[in-house]
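Colleague: Hi! Could you walk me through this one? I'd like to hear about the sheet and then the cysteines.

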Amino acid sequence: MPRTALRICPLCEATCGLTLTIEGTTVTGARGDRDDVFSRGFICPKGAAFGQIDADPDRLRTPLVRRDGRLQEATWDEAYDAIAAAVPGLVAEYGAQSVGVVLGNPNVHTMAGALYPPLLLKTLGTRNLFTASTLDQMPKHVSSGFLFGDPLAIPVPDLDRTDFLLLLGANPVESNGSLCTAPDFPGRLKALRARGGTLVVVDPRRTRTAALADRHLAPRPGSDALLLAALAHTLLAEKLTAPGALEERVEGLGELGAALASFTPEAVAPACDLTAVEIRSLARELAAAPTAAVYGRIGSCTVEHGTLASWLVDVLNILTGNLDRPGGALFPLSATDRAPRPAGPGRGFTVGRWHSRVSGHAEAKSELPIAALAEEIETPGEGRIRTLIAIAANPVLSAPDGDRLDRALAGLDFMVSVDPYLNETSRHAHVVLPPPPPAQSAHFDFAFNAFAVRNQARYSPPAIPLEEGRMDECEIHARLILAVSGLHGAPPGAVDERVIADTLARAAADAHSPLHGTDPSEQAGRLAGRTGPERRLDMMLRLGPYELVLDDLLEAPHGIDLGPLRPRFPEVLKTRSGRIELLPDPIAAELPRLRTALADRPAALVLVGRRHLRSNNSWLHNVPALTGGSNRCTLQVHPQDAARLGLTDGGRARVAADGGSLEVPVEVTEAVRTGVVSLPHGWGHDRAGARLGVASATPGANVNQLLDGTRIDRLSGTAVLNAFPVELTPLP
């Protein structure tokens, strides 16, 4: 008889609740959980395809170990024996900095990815950390760190209560949202307009999100920071600022006007390819709205001035008094966040505490730019990366110049990949450790609850028992930590128990902790949970702000609603001053470079990426239900540009840029503005040795191969993946 089980979807940031239909040990269907406290039954095509994703025959079932130059199936013990025999010795010979760690996007979609990589890094002692953040949201972390003293203090738009929403470089109707966890983002946007609110979308493409808007502005790509600076200038020049209660918490407000004096609407308009009237009107509307929120995402982050754009998003929210107030942009409070403590100055935030060995790139949030990974492997000398641990990462497709990185990976002394697939990156590994399918894993959203538009907590135990021969993903990580630390063979549960003991000891000594003054051993004995990760979750809930325990979540399978977002100042502020530092020195020092962009001669043609509802970066291309339709790797070109260049719909073109050239199919469409072409990110499944049967049948082209990695947002180290110049040539 079929049965049902509840599961939080781990396939994008919306974190929707699913009801799975299961026959035996197979997921045969998935629908939205109508009783889920957060998603209320919403489901997208990715969630509906959960069963195909879970049962993908190309998923690895056993570890792979390289023998005689070939990856061959092995037992788990053989895999960890190989790691333990190689990694500690290489570290002893070449030092901790000879090890690099790469964390991919899927890490934040799993419990294991949240709980164990920090322990792995601490164990290894390396500073060579590279993650998908420097291909995505690092500018927002850096700007939030400068403004609020905490790079994780990222405000999200209060979608359900705002009267005016300004979206830049975001297409949540197809991405389902990012750094803004909101199931049914399209429905929330429609509800905004239905209650009389206004939606303005700024995007060079006519996206499905733009089609919902009251107004769509299509500026020149890469000009987001200039446009935002002009909006802020207008608010200041026309005395439209109304910071309200924020004013006493802000320093630098008086200096901001002088810093932005050059960015008048008239000066900015040509560079943005908008009119000064449009810019002024938008600023006035923003100021006049009863409540408003400005929200910028990947299109405004992965450009040359991504950190400045991210900073200016919050500057506008501050100037209009909409930061940290209902209907504006607020800071979520996750159930596993620390319990609130008295407000006061913090340690602040800085970048550049260390630099990359070869090009001297500054560290940001303890990470180095992933665009620098290849040179750190290739370049001889002390500290060269010889050992690499890649966890749920496919940088050969997701980072600039995958061909160079592909060659560099082949020269490593040793590589470990934790990945369910043999993909374009993991094919270079000496050991591949495959996690089980998602239905066989427990789930709690440690990362995304911190960006949710409503506070809530939900936990999913495994929907299907762990299949014989597979290993739980958390145990895979724990055993990896033991293998690289010289403790190979110790019980994997020892990793969790050590974390629990250390955390409870710190909590007992912390005067502001709910467990202050208690006996750590006694508190450890009270923890519930069948596994180490469950015990750690229970501990984090007990140390959190809502007095929850794991049993509360187990007894509420549809989740616990913790209420709407609420103001959190001043507890959020961790700057050295204890205030919002509106014009931090690194930002002020970067503004002259932005001023030079006012006089730049724009390229005739620039390229931007795009999102697909049925895809997620370089993964999910191997699922039949998610292929075809609009999920295609085509070069979108405006009809006027196509006619000028001799391109035809369905024909082919060569597109060339800094890093090389690609041959791609052409799609002539008015969805892009003139002077802009669009090619989606994450394709290029045509490398020998990967085992992705569906994806390799329609491999597409790797847009990041057009980049050589030299275009980087200086403040955050984020690769410029959008708004870079290209040249097109028609092919026969």
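Modeller: Happy to. A term to start with: two strands count as paired if DSSP finds at least two bridges between them. And please keep in mind that this is a predicted model.

Colleague: Good to know. So how do strand 10 and strand 11 pair, and over how many bridges?

Modeller: Strand 10, residues 198-202, runs parallel to strand 11, and three bridges link them. Within that pairing, Val200 has Arg215 of strand 11 as its bridge partner.

Colleague: What is the strand order in the whole sheet?

Modeller: The order is 11-10-9-13, an open sheet of four strands with parallel pairing. Strand 11 (215-217) and strand 13 (293-296) each have a single partner strand, so one side of each has no neighbour in the sheet. On average, neighbouring strands are turned by 15° against each other, direction ignored.

Colleague: Which strands does helix 10 touch?

Modeller: Helix 10, residues 224-237, packs on the sheet and touches strand 9 (164-168), strand 10 and strand 13. Its direction makes about 150° with that of strand 9.

Colleague: Changing topic: how many disulfides are there?

Modeller: The count is zero, taking sulfur atoms within 2.5 Å as the cut-off.

Colleague: Why is Cys180 not bonded to another cysteine?

Modeller: Because the closest cysteine sulfur, in Cys12, is 12 Å from the sulfur of Cys180, too far for a bond. Cys180 is also buried, at 0% relative accessible area.

Colleague: And Cys272, buried or exposed?

Modeller: Cys272 is buried, with 0% relative accessibility. Cys272 is in no disulfide either, and its nearest cysteine sulfur, that of Cys301, is 17 Å away.

Conventions
Residues are numbered from 1 along each chain as its sequence is written. This is a predicted model: local features need pLDDT of at least 70, side-chain atom pairs count only at pLDDT 80 or more; totals for chains, interfaces and linings use all residues. Side-chain values use heavy atoms; hydrogens and water are left out. Helices (H or I, at least four residues) and strands (E, at least two) are DSSP runs, numbered from the N terminus. Axes are lines fitted to C-alpha atoms, for helices over the stretch in contact, and angles run from 0 to 180 degrees between N-to-C directions. Contact means heavy atoms within 4.5 Å. Buried means under 20% relative accessible area, exposed over 50%, partly exposed in between (1.4 Å probe, protein chains only).
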